[in-house]
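Q: I have a structure open and I'd like to learn how to read it. Can you walk me through it?

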Amino acid sequence: QVELVESGGGLVQAGDSLRLSCSASGRTFSPDFMAWFRRPPGKDREFVARISWSRSSTYYADSLKGRFTISRDNVKNTMYLQMNSLKPEDTAVYYCAASTDSGRTYHGWGQGTQVTVSS
């Protein structure tokens, strides 16, 4: 059983940066992919970015390329999301999740971390 815990959210101003962390705990942790998702207020959950746990290859939502960077530390079993030049529309609860079926499904959803960007 894998438990994922997100942290690092907060209230920032437009143009600021934040780094989110996703820490994994469990007896064994070896996903195919880890990913970030977000749920803006009143909207459905949306994909943000994913990273291959073994090869560190990355993939981003088109609208976020260039501002967000996903990374991971295999030793610490932790994934990160560096968010730069934040915009009010980035306001959302951010979640991390793991996939063990090559990205078809994700599991291990945590409570999320709130990011609020003021204009």
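Q: What share of the 119 residues of the protein counts as buried?
A: A residue goes in the buried bin when its relative accessible area is under 20%. In this predicted model, that takes in 42% of the 119 residues.

Q: Let's try one residue, then. Is Ser 21 buried or exposed?
A: Ser 21 comes out at 15% relative accessibility, so it counts as buried. You'll find Ser 21 in strand β3, and leaving aside residues up to four places away in sequence, its contacts include Val 5, Trp 36 and Tyr 80.

Q: Which secondary structure elements does the protein have?
A: There are 10 strands and 0 helices. Its radius of gyration is 13 Å, close to the 14 Å from the globule rule for 119 residues, so the protein is as compact as a globular protein of that length.

Q: How many disulfides does the structure hold?
A: First the general idea: a disulfide covalently bonds the sulfur atoms of two cysteines. Here you have 1, formed by Cys 22 and Cys 96 with their sulfur atoms 2.1 Å apart. Cys 22 sits in strand β3 and Cys 96 in strand β9, so the pair ties together parts 74 residues apart in sequence. Both cysteines, Cys 22 and Cys 96, are buried.

Q: And why is the disulfide of Cys 22 and Cys 96 called right-handed?
A: Look at the torsion about the S-S bond: for Cys 22 and Cys 96 it is about 70°, so the disulfide is right-handed.

Technical notes. Residues numbered from 1 in each chain as written. Predicted model: local features only at pLDDT ≥ 70, side-chain atom pairs only at ≥ 80, totals over all residues. Heavy atoms only, no water. Disulfide = S-S within 2.5 Å. Helix = DSSP H or I, 4+ residues; strand = E, 2+ residues; numbered from the N terminus. Buried < 20%, exposed > 50% of the residue type's maximum accessible area, 1.4 Å probe, protein only. Contact = heavy atoms within 4.5 Å. Rg over C-alpha atoms; globule rule 2.2 N^0.38 Å.
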